[in-house]
Amino acid sequence: MELSFFFKLLKKYRLVLIFIPLIAGIGTFFLVKKLPDTYISHAQIATGIIDASRHLLDKDANASIQAQQAFSEFSNLMAIMKLKKIVSQVSYSLIIHDLKYPAYPYSKPSQMLSEMAEYERDAALKLFEYKFNHFEPLLLYNKQERILNDLLHSMKYDDASLRKDLIIYRDEDSDFITVTYDSANPQLSADVVNILCTQFISYYTQTVKKNQSNAVSFLSELLVQKRNALRDKTAQLQKYKIDNGIINLEEQSRAVFSQIISYNDKKQDAEKEIASYEGALKKIDGRFEPGDRRYFESVSSKINQTITATQDELHAVQNKYIRSNYDPKYKPSLDSLQKSLSAQINLSSDQYITNPLTHKDELVKQKLALEITRDLAKYSIQTINAELADLNAKFARLVPFDAKVKTFDFDINIASQEYLDVLNKYNATNLKSNFSIELIQVEKAEPEAPQPSKKMLLIVISVVVTLFGCVFVLFLMFYFDNTIKEPAELVNKTQLPLLGYLNRIPGTDLDLRKLWDIENRDKMQQYKDLLRSVRFEIDQELRGEKVIAITSISPHEGKTLFSASLAYSYAMINKKVLLIDGNFERPDLTNALHPLLFLEDYFKDNPHSSIEINSSVATTLGNHGNDVTLLEIADEAFIKNRFDDLKSKYDIIIIDTAPLTALNKSKEWLLFANKTIAIFEANKELTNAQKPHLVFLKTLGSKFGGWVLNKTTANKKRT
């Protein structure tokens, strides 16, 4: 598929491409001729969404506003402006003006308005004013209000009609919303825009104020609830502490735990001292002989009793001193007893209680001192263990108190956090409600000059659109056209060789002598040149053979004209040509040339039948057109002998057969042909029904000479 065919198609339909857009342009001219001038008014509303100068109080909250969030807010505002309840306010205002001031209406009164009586006008005016003041829609189930709705439609003041010419958009990435309206009345355009902006700002402001007031009231009530909940939790904790005598549980627990650690340290020190004293005593005992020991014990028994009594008294005072958590008042008594004990020990060492033969007085003194110190350490461990038991019991009693108090503290923390969150939200909402940003109409709409006329633009657009529509339709015709127009397309789709192509010639006259007449030379020259080229290709395929069968897939593809033209072309180069009309169904060649000889007579088994050669023109062998086939006239062997006889008399034998759709009537002739040539008419599609015939041609193999594409629109120039 080449674009050259598309341009040829455009050239073919050039008059359509000229006249249809022209008619469309003329029709558009008459349609737009009486169009009134249009007036556009516009106004701007400052929203404050992205204007930093209007966010002084909540600058931090709006400093990082995202583009998507801003887009959503602007879209929401513009959607509210297009609400029916807002646009209906504009409708009410317009019709109220026309009813109040009939001498200066916005639009020409409709037939319905003109036919209304005075009392009907007054009633309609009152109802419209009521609806406007109370922001209410018309109720269509009410008969009277349904009539008023029809009145709005008749004047084209209804919301649907107003929305057609109403444009609301955000001015690029700015903080402004622009509202425009287009109408045939400049004052109407300005008033529609101004009324819409005023009603929208009023409605939006009231809605926002109401929502903020509801939010503040709700948060105020919630704040009281959270404060009361916090107070209840705090009161429960205080009551629990009073009931259980808890002043400062954390400090009490810390003090008891510190005492436990201190007593554990003292216990460890005492145990270390006892161990060290026991070891020292064992060493001293090892140095005494048994006799010395008996002597020592018998002499020192009285002194030891005194020392033991002093030790017991010292242990009692030391026990009180430890239990009182080392109260200083026991310190003097403890020091006095220790001094007395030391004096008694020294006295015992001064006595000659040791063996004079042994000089171990000093060891005895040390042993007595160590025993006393060891006994003191043992008694102190008992007192420390008792105190540790008391402290652990106190600490164990504090554990459930601590768990309960922590539960109360956790509840109080949650209640406190909830209270603070609600308080912050309440303060922010209250502040925002007192200093909320309001929409401002920064630019009011004014009546303006008429817009440039678009009549010529509409005419041009109609012409261009129509032209493109026609071109598009022609392109669809070209794109979905599967017909074969070029020789290369025929070869690609059939995968069979091609001998050449012939252009279309006017008429169906088979008087081929006129093709070479001087008077028709310019007209038929291209056809003759192409025919000569095909003749040359056929000679190359024949290679000395003589019988050519001309067939086609379908009828009316031009094979008869081609057969006659090819025969005459060979006659022009002094070839003896025999042209056989083998189409029994439609003997067009016989009817056109009126031959004197017929193949039914020649191919009968008649030894006396013969053909006389005419040397001046090609000889034509016609048929009577009966419902017969070639093999019904004679058998194959006899027909072959007849063809052998014809080959000896003629240089070229051309058989015009029936199309392949005639089945065996065509194929029987191909049995006796050396080469078969198929004619295919250009600008036709190769259908699925024709594909079996295409397979048959492929089975001929080398006997198939090739295609001749007939009736093409090729425009070959002479050189």
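## Exercises on a predicted model

The structure holds 0 disulfides. Keep in mind as you work that this is a predicted model.

### Exercise 1: Two cysteines

Task: Classify Cys197 and Cys470 as buried or exposed from their relative accessible areas.

Solution.
- Step 1. The cut-off for buried is a relative accessible area under 20%.
- Step 2. Cys197 has a relative accessibility of 0%, so Cys197 is buried.
- Step 3. Cys470 comes out at 13%, so Cys470 is buried as well.
- Step 4. As for bonding, the count of disulfides in the structure is 0.

### Exercise 2: The overall picture

Task: Describe the protein by its secondary structure, its buried share, its contacts and its surface.

Solution.
- Step 1. Counting the elements gives 25 helices and 12 strands.
- Step 2. The protein has 719 residues, and 40% of them count as buried.
- Step 3. Take the contacts between residues at least 6 apart in sequence: 82% of these join residues at least 24 apart.
- Step 4. The accessible surface is about 41,400 Å², with 55% of that area belonging to carbon and sulfur atoms.

### Exercise 3: A helix pair

Task: Work out how helices H7 and H8 are oriented, and which residues make their contact.

Solution.
- Step 1. Locate the helices: H7 covers residues 118–134 and H8 covers residues 143–154.
- Step 2. Their axes lie 11 Å apart, at an angle of about 90°.
- Step 3. Angles of 65 to 115 degrees count as roughly perpendicular, so H7 is roughly perpendicular to H8.
- Step 4. H7 brings Ala123, Ala124, Leu127, Phe128 and Lys131 to the contact, while H8 brings Gln144, Glu145, Leu148, Leu151 and Leu152.
- Step 5. Sorted by class, the contact of H7 with H8 has 7 nonpolar, 1 polar and 2 charged residues.

### Exercise 4: Two positive phi angles

Task: Find where Gln495 and Arg543 lie, and give their phi angles and exposure.

Solution.
- Step 1. Gln495 sits in the loop between helix H17 (487–494) and strand S5 (498–503).
- Step 2. The phi of Gln495 is near 55°, a positive value in a residue other than glycine.
- Step 3. The cut-off for exposed is over 50% relative accessible area; Gln495 has 58%, so Gln495 is exposed.
- Step 4. Arg543 belongs to the loop between helix H18 (521–542) and strand S6 (547–552).
- Step 5. Arg543 has phi near 50°, again positive in a residue other than glycine.
- Step 6. With 74% relative accessibility, Arg543 counts as exposed.

### Exercise 5: Partners along the chain

Task: For Leu219 and Val628, determine the setting, the burial and the residues they touch.

Solution.
- Step 1. Leu219 is part of helix H10, which spans residues 186–243.
- Step 2. Its relative accessibility is 9%, so Leu219 counts as buried.
- Step 3. Leaving out residues up to four places away in sequence, Leu219 touches Val422, Lys425, Tyr426 and Thr429.
- Step 4. Leu219 and Leu423 are 204 residues apart along the chain, yet their C-alpha atoms are separated by 8.1 Å.
- Step 5. Turn to Val628, which is in the loop between strand S9 (619–622) and helix H22 (630–633).
- Step 6. Val628 has a relative accessible area of 22%, so Val628 is partly exposed.
- Step 7. With the same residues left out, up to four places away in sequence, Val628 touches Phe584, Ile633 and Lys665.
- Step 8. Val628 and Lys665 are 37 residues apart in sequence, and 8.3 Å apart in space from C-alpha to C-alpha.

Note on methods. Residues numbered from 1 in each chain as written. Predicted model: local features only at pLDDT ≥ 70, side-chain atom pairs only at ≥ 80, totals over all residues. Heavy atoms only, no water. Disulfide = S-S within 2.5 Å. Buried < 20%, exposed > 50% of the residue type's maximum accessible area, 1.4 Å probe, protein only. Axes fitted to C-alpha atoms, helices over the stretch in contact; angles between N-to-C directions. Helix = DSSP H or I, 4+ residues; strand = E, 2+ residues; numbered from the N terminus. Parallel < 35°, antiparallel > 145°, perpendicular 65-115°, else oblique. Contact = heavy atoms within 4.5 Å. Nonpolar A, V, L, I, M, F, W, Y, C, P; charged D, E, K, R; others polar. Areas by Shrake-Rupley, 256 points an atom, 1.4 Å probe, with all protein chains shown as cover.
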